There are 2 protein chains.
Amino acid sequence: MTKPTSLSDFRFDPESEGDDYVDVQFVAIEIARLLAEGDSESVRAFLEGQELADVAAYLEELDTEPAFQAMRLLSLHDQAEMIGYLRPASQVVIATQMGRRELAALMTAMSHDERADLFKRLDEEAQEALLPALSKAEREDLRRLSSYEESTVGSVMTSDYATLKPEMTAPQAMEALRAQALEAETVYTAYIIDDAHHLLGVLDLRDLLIARPRQKVADLMDTEPVWIRAEAEQEEAAKLIARYDLIALPVLDTDNRLVGIVTQDDAMDVAESEVTEDFYKGSLVNPLETSVADATITMLYKARIYWLVLLVFGNIFSGAGIAYFEDTIAAHLALLFFLPLLIASGGNAGTQSATLMVRALATGDVRISDFGQLLGRELVIALALGLTMAVAVATIGVWRGGPEIALVVSLAMVSIVIMGALFGMSLPFLFQRLGRDPATAAGPLVTSVADILGVLIYFGIASVLLDI
Amino acid sequence: MTKPTSLSDFRFDPESEGDDYVDVQFVAIEIARLLAEGDSESVRAFLEGQELADVAAYLEELDTEPAFQAMRLLSLHDQAEMIGYLRPASQVVIATQMGRRELAALMTAMSHDERADLFKRLDEEAQEALLPALSKAEREDLRRLSSYEESTVGSVMTSDYATLKPEMTAPQAMEALRAQALEAETVYTAYIIDDAHHLLGVLDLRDLLIARPRQKVADLMDTEPVWIRAEAEQEEAAKLIARYDLIALPVLDTDNRLVGIVTQDDAMDVAESEVTEDFYKGSLVNPLETSVADATITMLYKARIYWLVLLVFGNIFSGAGIAYFEDTIAAHLALLFFLPLLIASGGNAGTQSATLMVRALATGDVRISDFGQLLGRELVIALALGLTMAVAVATIGVWRGGPEIALVVSLAMVSIVIMGALFGMSLPFLFQRLGRDPATAAGPLVTSVADILGVLIYFGIASVLLDI
């Protein structure tokens, strides 16, 4: 795209370069300049044409004072929606700078899940100051939504869902949704509850739209909807929403009362944070509680030292294996040339198998009961891989150490690759069977064990064949 | 949950064990039994109370004949929706077994993106047989949707979106949506187009619901909506939908005409397949074009042999490094004990740094411009990690080979960990800068280079300190 030269040229452009759909830096500088010149009308006019997610991105780049000024140019409703797009830390900065009444008004307009998240992040003093400025219903809602543990469905659900009564006719229901449209997180799915808040059914607005005027909600609603408990893992909610293509998933307490909903966009956020978690799970880094950019040196040190030290102990066994065969090695120093290559190949083949199985188990492509069949297939593949590699190293073996060394090295290669592959594919199944996450089996454990076995197999074969 | 003993006890239960929300095997066996007994009414009654995603899961477990019987118990509308939940291979099996007219009726009722996907998978003969049974408009729609390349937005978009005209009043627009509600993929977002199909604006049903009766669509719609080109990468569509919390994203051709929409649930599917792709990207396995379960032995061999052989050549350098220091090693065989441990630690520290940076770059937590600052922080962390590890190995060093060996090993450890960490964190930035995917930098390349440098540093230090 051609660079805009003023805010009035500025448009959403998906064809702009890189991952930023908007030139955030440019806009932020322009906003700051206009505000400094006292031209807040131009800024207001510009912001009104922008998506609130982008407005939040601009504010992130501004200093606190101009960010405040710019934010106050939005309507209260837009402010409340925009703040949900800010980073948690920025939300807290804004909230703590605001007057008690102003913050209370903003939080009243916010969606219930986002304001509960913000409330949890305020320090105790700020929380205590805020509560009296809120209505009783809002205080209770805040306390209730904040009470669920992190990573549960309750911690991501929202309580501003739209409700209908079973005896309403279609036009009455439509009118009821109209009345709730501004407040509710979504009106595209409505929840039918009795006086004790038990969930009776779910009705999509689409079905209401095409209903005949005489039809009642009770006859239109789905009486066996998909639902989830507030105490369940949030990842489960994301899975259900994806599996059943839901707009929102109702959340029930243990008495089957409706306590909230999880919407599809929240599910996408949950899915992304689960991906990050899974990403670290198969790696050598323990999950961080914050982003890498915000993490302190101590946090990063702690997240990393565990695996590094643990793997040192794993490698001591490899070292001990080598030490055990010191005489063989001293007699045939040419063997050392192939040591890194053979050890690494076993670990690599094992990591490949583990990677494939971890992902296949996670997506449901493969089940525990498929193990036997997959093991047979893996043996064939590993044999083919091992033979290919053996041919490659045998050639180098002849050149570096003669036919005897070549024989040892190629025999070791086939054995090590097969061993690594079978072990690498079995471990995720074992973990799944034991009720542990297969992803944690993928990385370091496979490599460490393959290393040790690789040393033993290589020098074992060498000592038998060469020391006769 | 207590196991159901008959289909009538069977309910959706998110608290059932494992990842399966429904006991698919049990239900499939029951369905087959009832159908064999000729009791299709019980099966129909059961299926009507089930989510179509679950019905699809049952049919997957049945043989072709009973699966067909069960499917025909659903209404055509439900059949058309259910088939979208079947695996692609099963869809083709069903489609090829159907009569031409029956298949044409089913495909007419299917959502446009799903029928285009199915059509693409049929062999040429089946395609040619099917086309004459479809209406002209449908033939053209199929041809157009099938013409986009895999992985583009065009290949995942659907053409059954709801449209409105700008001059409609709010009640007229509501009536227009009612008329399109059965056919359209979603009515929760409507697209306002002119006669040449140019996109004029977007209107959410929620805003229409709360509009005053006199208001016109032209005054209610968002005239600067977020959109994407049909030729863009499908991943970009998923990102836009997540960023802007959209229900659906309009897709424009190069003449700015509306050609389709991508819905939020399609975006979730795209996001999942991108995760799988990213998962393999940082691994030693080239991406497979099919699921692991369906892949042939040859496909898996090809996906794996590339990295295995490539890394053999990487490790030859390590081997050559060892061979270069053969004399030092022969004089101090105790050094060998620490070889696996030191080499692995460099690779491990490097992999950790790379993992953290790859994820942080992917999520946008960190930008290229942060490199200098992060490098300084990494140096401090690596020094701390290296010193911790050095203390650990020095103790073993004294025990295994005396104070001189301990000195060599601990000096080598600090140097190798720092070198590995700095290299591991720099590589993803370098890849990003060069416009390549940082994820591909994470795994094998970091480890291989760290291995080679580790050998050189270790024996380099040893030869200087011990051979004096």
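## A tour of the two chains and their interface

Begin by selecting the side of chain B that meets chain A, where 94 residues of chain B are in contact with 93 residues of chain A (two residues being in contact if their C-beta atoms, placed from the backbone, lie within 7 Å). Within that side, helix H16 of chain B, residues 297–324, gives the most, with 16 residues; here and below, helices (H or I, at least four residues) and strands (E, at least two) are DSSP runs numbered from the N terminus. Coloured by class, the residues of this side of chain B divide into 59 nonpolar, 16 polar and 19 charged, where Ala, Val, Leu, Ile, Met, Phe, Trp, Tyr, Cys and Pro count as nonpolar, Asp, Glu, Lys and Arg as charged, and the others, Gly among them, as polar.

Before going further, note that this is a predicted model, in which local features need pLDDT of at least 70 and side-chain atom pairs count only at pLDDT 80 or more, while totals for chains, interfaces and linings use all residues. Residues are numbered from 1 along each chain as its sequence is written, and chains are lettered from A and ligands numbered from 1 in the order in which they are written.

Next, superpose the chains: chain B can be laid on chain A with an RMSD of 0.2 Å by a turn of 180° and a shift of 0.0 Å along the axis (a least-squares fit on the C-alpha atoms of residues with pLDDT of at least 70 in both copies). That is the relation of a two-fold axis. Of the interface residues of chain B, 99% are also interface residues in chain A, so the copies meet through the same surface.

Now select helix H11 of chain A, residues 170–180, whose buried residues are Ala170(A), Ala173(A), Met174(A) and Leu177(A) (buried means that 20 or more other C-beta atoms lie within 10 Å of a residue's own, exposed that 12 or fewer do, and partly exposed in between, with C-beta atoms placed from the backbone). Seen down the axis of H11(A), these residues fall within an arc of 100°, so they line one face of the helix; the arc is that of the directions from the helix axis to the C-beta atoms. They pack against strands E1 (162–164) and E2 (189–193) and helices H12 (205–209) and H13 (217–220) of chain A, together with helix H12 (205–209) of chain B.

From there, follow the open sheet of chain A with the strand order E1-E2-E3 and mixed pairing (two strands pair if DSSP finds at least two bridges between them). Its edge strands are E1 and E3 (199–204), each pairing on one side only. Five bridges join E2(A) to E3(A), which run antiparallel, and Tyr191(A) stands opposite Val202(A) in E3(A).

A further open sheet in chain A has the order E4-E5-E6, again with mixed pairing, and strands E4 (228–229) and E6 (258–263) are its edges. Two bridges join E4(A) to E5(A), residues 248–252, and these strands run parallel; Arg229(A) has Leu252(A) as its bridge partner in E5(A).

Finally, turn to helix H2 of chain A, residues 40–48, where Val43(A), Phe46(A) and Leu47(A) are buried. They cover an arc of only 95° around the axis, which puts them on the same side of H2(A), whereas the face turned away from that buried side carries the exposed residues Glu41(A) and Glu48(A). What covers the buried residues of H2(A) includes helices H1 (24–36), H3 (52–61) and H4 (64–71) of chain A.
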